[in-house]
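Thank you for sending this one over. I have set down my reading of the fold as numbered points, which may be easiest to follow with the coordinates open.

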Amino acid sequence: MEKHGQRTNANLADRNVIDPARLQIQTLLSNEPEVRVMDGQDVIEGLTQIPKSLPPKYFYDHLGSELFEKICTLPEYYPTRTESAIFHRYAHAITQLTGPCELVELGSGSATKTRILLDAYRAANLPLRYIPVDVSGSMLKDSSDQLLYDYPELRIHGMIGTYEPALNALPAANLATRMVMFIGSTLGNLSPNDCEQFLQLVSGALEPGQFFLLGLDLQKDIGTVEAAYNDAQGITAMFNLNMLQHLNHRYRGDFCLDNFYHQAMYNSQKHQIEMYLVSKQEQTVTLQDLDLTVKFAEGERLLSEISRKFDVVQMGAQLANHGLKVLQTFTDERQWFGLILAQKG
């Protein structure tokens, strides 16, 4: 998980004079009841299997996105500051490798690290075009307004939706080349099989010569990793529990958040954090819009997220299997995090 952002305080009146031609917002989600039910098939499947699980995309309603912003500022949560430092150090090198390049960011949040790249492209007198993709429409619109205010030469085509439909519906490239960005080690939220499918999807969305920038949380000591998901302030616990509140709002559910608690632990064999919602008691939950009733036993765990930790050499080989050649890998001094810049062959 990784969508940290930072905002400056643009005056609202100044924002209102921004040329509307610089911003397009494309909605790939629908609030129609029958469409919500179709979208909720992954909830039905996850809550009726053993063990129960839910896709991480349900973390990110408006409150979930705000809570994640807070997580990324926590002292225990090293990924954001470590990856940001890599961007600050190597953004110029990335722009030199890509040349004029529009940026497609999957899971854009409020685009803090993307700003570092935009600054580098602007310093090189290169044109700026940005295609943010996010499931939170309010977050995407707010961040787009702020970016347009801060970068008068920037044009944005925002896409509200999940990765697969967005990659299948990308607008035609307006600049010489394009770079799809999947940073923050969000790839770690995918199972190995889903990861393979995702990389194939990315490869299929790129034309030969276009780029893929991938951020990866690397394997390290267990104590450091576990602390990042069990912060002392309990913000990660709130973020985890809010997934249930999101389901309540979206599908008319009756999850009682007080009946669950947050648990996160490292699986050394699979090199991954596993985050759970644990039922404090025997209980029954109903999601009316999905016509779904689910029973929980006392102590039963619902898997809400995995966060795999990677090896850059192994990932390079995996990318090559999908026609994505590694051009350069950028890491921090402790080798805690890595950015891989690859190119479609």
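The points below take up the sheet, the helices that lie across it and the nonpolar cores.

1. Please bear in mind throughout that this is a predicted model. Its eight-stranded sheet is open and of mixed pairing, with the strands in the order 1-5-4-3-6-7-14-13. Strand 1 (23-27) and strand 13 (324-331) are the edges, each pairing on one side only, and the twist from one strand to the next averages 20 degrees.

2. At one end of that order, strand 13 pairs with strand 14 (residues 337-344) in the antiparallel sense, over seven bridges; within this pairing, F330 stands opposite L339 of strand 14.

3. Two helices deserve attention together. Helix 6 (residues 112-123) lies across strand 3 (101-106), strand 4 (129-134), strand 6 (177-182) and strand 7 (211-217), and runs at about 180 degrees to strand 3. Helix 7 (residues 137-150) lies across strand 1, strand 4 and strand 5 (155-160), at about 175 degrees to strand 5.

4. The largest nonpolar core has 39 residues, of which V43, L47, L54, F239, L247, F255 and L287 touch the most other members. Elements giving two or more residues to this core include helix 3 (41-48), helix 4 (62-71), strand 8 (260-267) and strand 9 (272-279), while helix 11 gives the most, with seven residues.

5. For L287, the contacts beyond its neighbours within four places in sequence are V43, L47, L247, Y251, R252, G253, F255 and L292. A second, separate core of 30 residues includes F87, I94, L118 and M181.

Notes
Residues numbered from 1 in each chain as written. Predicted model: local features only at pLDDT ≥ 70, side-chain atom pairs only at ≥ 80, totals over all residues. Heavy atoms only, no water. Pairing = 2+ DSSP bridges. Helix = DSSP H or I, 4+ residues; strand = E, 2+ residues; numbered from the N terminus. Axes fitted to C-alpha atoms, helices over the stretch in contact; angles between N-to-C directions. Contact = heavy atoms within 4.5 Å. Core = buried A, V, L, I, M, F, W, Y, C linked by side-chain atoms within 4.5 Å. Buried < 20%, exposed > 50% of the residue type's maximum accessible area, 1.4 Å probe, protein only.
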